[in-house]
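Trainee: Please give me a close account of one part of this model, starting from a single residue and working outwards to the elements around it. I should like the cut-offs stated as you go.

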Amino acid sequence: MELLISDFISRIESEFDDVVPGSVKPETKFRDHFDWTSVNALVLFSMINVEYGITLTAEDLQKSATIQDLFNIISLKIANG
Amino acid sequence: MADVKINNTRIAGIAACVPENVDHIADYTLISESERAGFMKTVGVHERRMVSKGVVTSDLCAQAAVHLMKKLEWDPSTINALVFVTQTSDYVIPSTSIILQHRLGLPESCMAFDMNLGCSGYVVGLQVASSLINPTGIRRVIFLAGDVSSINMSYHDKSTYPLFGDAGSATAIEYCENAPEAIFSTGSDGKQFDALYVKAGGTRHMATAESFEYKEYPGGIKRNDTQMILDGLRVFNFSITNVPPQIENILQLASASVETTDMFFLHQANRIMVETIRKKLRIEPEKCPYSIDLFGNTSSASIPITMCHSIGTNKIQPSINVVLSGFGIGLSWASAWISLKNALILPIVEYHE
């Protein structure tokens, strides 16, 4: 399965009720764009685990600012098996 | 993982008891209205039961046990062992189960001991209690599980305070020749003990006056060292990583599948954690009931609370096969594949002094 950031963005937009569809871009800073709380972090972790089989860590989250950063971590973890 | 098969025992019945007092998350004004809405939707707790001052776990469990023995028409004199899983015992010593032997009118010949476990405690306790059963000795066991977690929470800690509820449960287990085989699998990860723990009050960090002083932590959290610390992301990652393969292992050992198993009763840690596990295992939503919306995370009582809440009736169950799974504090995780054929799973009762 080819990894596409557009699919990742669609999945994020469908998970978060307060996000306007089409408003999320790769360069979007997710902490500013969402009503960001630790509970929303769980929503993100859950979606990534179910859809991509990847477990993000708190450190992964800390070093990410944008949607592209998160996608890069997912891509790297999938590539590294 | 330690996998165990147990034969010739059956669950005769399960009862659960909660305090009357309902606490609504909508009233938790320490966090904003939008945070409360997000918490209720994602974590799943809308309300929970909290004990009145002076009511403790053994009170809830004792009422559940008396109710269950009465409904099963089990004379207390026929009970050979009492096992109590709790992290909120009456005293530091002795085991609360021994006090309960007298309170419940069980014979002095009864074996009684406590087990200090939380989220995984129902499944581990059920395995231990079932493994005591012996045709010539211990034929009947009362297994109690519960916690009054509300006593360990800081109101000023939004990561723990709105999550937990108080509850107690009682499960009756007895010798039954040719009963369907029960299968258990357990795991322990002590390197992550500090992901969910209470620091002070044991012997490593004995409680002093300083233990009760409130300290500030990131996110506006305030708590003292006798109150629970929860690293939610670590527990979340631990659970979604370890629980699905353990349940797959249990199903394989039972020569069963998600499709052939009637129901899955998962520890009500928080809704999104359970949903993640459910989706990974491709379990249909109707096979995986919840109780967290009304009762919160009730620690070791959450599996029996969910059973009594979703399938509780005053009639015996048909032949249904279920998976149970508990995971969290320890960190520890345990799953079981059991039959509830002819078991009496009673509706939840409220505690009355």
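Mentor: In this predicted model, A16(B) touches A64(B), A167(B), S169(B), A301(B), P304(B), I305(B), C308(B) and I348(B), when residues up to four places away in sequence are not counted. Touching, or being in contact, requires C-beta atoms, placed from the backbone, to lie within 7 Å. Residues are numbered from 1 along each chain as its sequence is written, while chains are lettered from A and ligands numbered from 1 in the order in which they are written. Local features need pLDDT (the predictor's confidence in each residue, from 0 to 100) of at least 70, and side-chain atom pairs count only at pLDDT 80 or more, whereas totals for chains, interfaces and linings use all residues.

A16(B) also belongs to the largest nonpolar core, which has 114 residues; together with A65(B), L82(B) and A336(B), A16(B) touches the most other members. Such a core is a set of buried Ala, Val, Leu, Ile, Met, Phe, Trp, Tyr and Cys residues joined through C-beta atoms within 7 Å. In soluble globular proteins, nonpolar side chains tend to be buried together. The element of chain B that gives the most to this core is helix 5 (residues 232-253), with eight residues. Helices (H or I, at least four residues) and strands (E, at least two) are DSSP runs, numbered from the N terminus.

One of the partners of A16(B) is A64(B), and this residue leads to helix 2 of chain B, where A64(B) is buried. A buried residue has 20 or more other C-beta atoms within 10 Å of its own; an exposed one has 12 or fewer, and a partly exposed one lies in between. The buried residues of helix 2 also include T57(B), D59(B), L60(B), A65(B), L68(B) and M69(B). Their cover includes strand 2 (9-18), strand 5 (81-85), helix 3 (96-103), strand 7 (140-147), strand 8 (167-175) and strand 18 (349-350) of chain B.

The geometry of helix 2 (residues 57-72) can be checked: at 1.5 Å a residue, its 16 residues should span 22 Å, and the end C-alpha atoms are 22 Å apart, which agrees. The expected span is 1.5 Å times one less than the number of residues. After the helix comes E73(B), with a positive phi near 60°.

As for confidence, chain B averages a pLDDT of 96, with 100% of the residues scoring at least 70. The model has an ipTM of 0.87 and a pTM of 0.94. Chain B also meets chain A: 17 residues of chain B are in contact with 15 residues of chain A. Helix 3 (residues 38-52) of chain A gives the most to the chain A side, with 10 residues.

How values were computed. Two residues are in contact if their C-beta atoms, placed from the backbone, lie within 7 Å.
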